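These are my notebook entries on a structure that I am reading for the reader who meets it here. Each entry records what I looked up.

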Amino acid sequence: MPWRVLLPSAPSRPASMLAFSKKEPALSVAAMRHIRHLCEQIGPRPAGSAAEEQARMYAAAQLENWGYRVERQAVLFAPPVRVNLLEPVVSAVLLLASALWQALPWLALLMPLLVAVLPDIERLRTRWQRCTAASANLCAHPAQAAPDGSPLLIVCAHLDSARNGVFQSGVWRGYAAQTTFYTQRYAIFLALLAVADRLVIPLPKVVLAATILAGTLLAGWRLGMELYSLRPQQATHSPGANDNASGVGVLLAVAEHFAKHPPRGTQLEFCLTGAEETGMHGAAARAAQLPRGAPQVLMLNLDMVGAGSALRFITRDGVLWQYATSVRLNKAIRIAHSAANGIWYTLRSADYLPFLQRGIAASGLQTSGSAEAELAYHTQYDTPQVIDTGALDLTANAVVGVVRQLDLGR
Ligand SMILES: [Zn+2]
């Protein structure tokens, strides 16, 4: 998952157990085995690395063993940039607005919007970058095809893991994780000040001095982090247990389940994408193979589904350029797990987006409510220790439930 999202914590609730078979072990048992293998035997899996390839080979061997026909698709991706030129611009705008909100209130009023569209701009930047490195997708199909006219459900999860954030130690890591949150709140605060100053009561100069100080601190923090990331040091990558060995583990567990209990009226595809963290390049390559707006194709993404007690489905993505996810899939998710809540991704995105952009019905699942997993996001601490089996079962059972809904033609 390339962008940070801040989620409210949910109260802890016991995980739901498998409803469809009492004799078989919970799907989380198999999912956890795959997660451990990916994180502990293989380790961090940067896009295009030998470790990412090892993870792909591991998954291919499992899927072939269960009787799936496995195909590889070559993927080109843009390697992450060393210097993010957007950051000095953001810092300069923050400083300007902090100093000029009294003289130029319109600038302060624009700030919340500017901050809200930052993830969109970041996304465009990734899209304009040249793709010069190679990764691959792995797509598995059941040996036996479903009857003609059955919907095709593509279940996706990304295999690669992200580069570690600049800070790995507790307190700095916590602050760094909250940077976008602070920037958003500060932008709203400046806009409110400008309105109060014009419409209610002219505010004293000391308020202006305070905002200049706050703006300088915030802009300095943002720029300082960017400069700190430039220090000559080898980039390290996250073991990626929650992001996203959890998605891969659940996908493999579900694939094994459906190898034993094939659906009657749904064609399945299990797609393990490469190079998601670099800007969803693997998913874009898979989506490009499908006809634009293909009516009978649905895509369900699994990303960060291994921690917390709340199951979430994505309803909408983006601020400036918004994409709504599939109503049909989201309805099926709610039927499968009635406590599942919708969430609008404004700060980040995931592999379902290239499918939505191609006019294909897609949605995504994630679990939330674990502060430990939130703090471990894109760090060396994203290890199997943050994974809880309840979240894996919630997700796996939801996917099985969605296939059941599609089978019933709902
Ligand atoms: Zn991810």
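**Entry 1: the second largest pocket**

I looked up which elements supply the lining of the second largest pocket, and found that β1 (68-77), β2 (133-142), α8 (241-260) and β4 (267-273) each give at least two residues. I note that the model is a predicted one. The volume of this second largest pocket is about 320 Å³. I then listed the residues closest to its centre: of the 18 that line the pocket, these are P142, A143, Q144, A145 and A146. Sorted by class, the lining of the second largest pocket holds twelve nonpolar, five polar and one charged residues.

**Entry 2: the largest cavity**

I searched for cavities of 30 Å³ or more and found one. The largest cavity encloses about 50 Å³ of space. I recorded its lining as N242, M304, A307, Q366, T367, S368, G369, S370, A373 and E374. Both β9 (361-368) and α12 (371-376) supply at least two residues of that lining. The largest share, three residues, comes from β9. By class, I counted three nonpolar, six polar and one charged residues around the largest cavity.

**Entry 3: salt bridges**

I recalled first that side chains of opposite charge can pair when their charged atoms come close. How many salt bridges does a search of the whole structure find? The search returns seven.

I looked at E40 and R36, which form a salt bridge with their closest N and O atoms 2.9 Å apart. Both residues lie in helix α1 (residues 27-42), four residues apart, which is about one turn of the helix. E40 is partly exposed at 44% relative accessible area, and R36 is partly exposed at 37%.

I turned next to R56 and E53, whose closest N and O atoms are 2.8 Å apart in a salt bridge. The two are separated by about one helical turn because they stand three residues apart in helix α2 (residues 50-65). Is R56 buried or exposed? R56 counts as buried because its relative accessibility is 3%, a value under the 20% limit. E53, at 23%, is partly exposed.

I found that E53 also meets R72 in a salt bridge (2.8 Å, N to O). R72 lies in strand β1 and E53 in helix α2, so this pair ties together parts 19 residues apart in sequence. I noted further that salt bridges link E52, E53, R56 and R72 in a network.

**Entry 4: a surface patch**

I looked for nonpolar residues on the surface and recorded a patch formed by L104, W106, L110, L113 and L114. Together they have about 450 Å² of accessible area. One of them, L110, sits in helix α4 (residues 105-128). L110 counts as partly exposed, with 36% relative accessibility.

**Entry 5: two buried residues**

I placed G274 in the loop between β4 and α9 (281-288). G274 counts as buried because its relative accessibility is 0%. What separates the C-alpha atoms of G274 and A74? I read 9.2 Å, although the two residues are 200 residues apart along the chain.

I placed L356 in helix α11 (residues 352-357). L356 is buried as well, with a relative accessible area of 10%. From C-alpha to C-alpha, L356 and I343 are 16 Å apart in space, and 13 residues apart in sequence.

Note on methods. Residues numbered from 1 in each chain as written. Predicted model: local features only at pLDDT ≥ 70, side-chain atom pairs only at ≥ 80, totals over all residues. Heavy atoms only, no water. Patch = residues over 30% accessible without salt bridge, like charges linked within 9 Å, V, L, I, M, F, W, Y side chains within 5 Å. Areas by Shrake-Rupley, 256 points an atom, 1.4 Å probe, with all protein chains shown as cover. Salt bridge = Lys/Arg side-chain N within 4 Å of Asp/Glu carboxyl O. Buried < 20%, exposed > 50% of the residue type's maximum accessible area, 1.4 Å probe, protein only. 1 Å grid on protein atoms, 1.4 Å probe; cavity = no way out; pocket = protein on both sides within 12 Å on 5 of 7 lines; lining within 4 Å. Points joined across faces, edges and corners; volume = space filled by probe spheres on them. Nonpolar A, V, L, I, M, F, W, Y, C, P; charged D, E, K, R; others polar.
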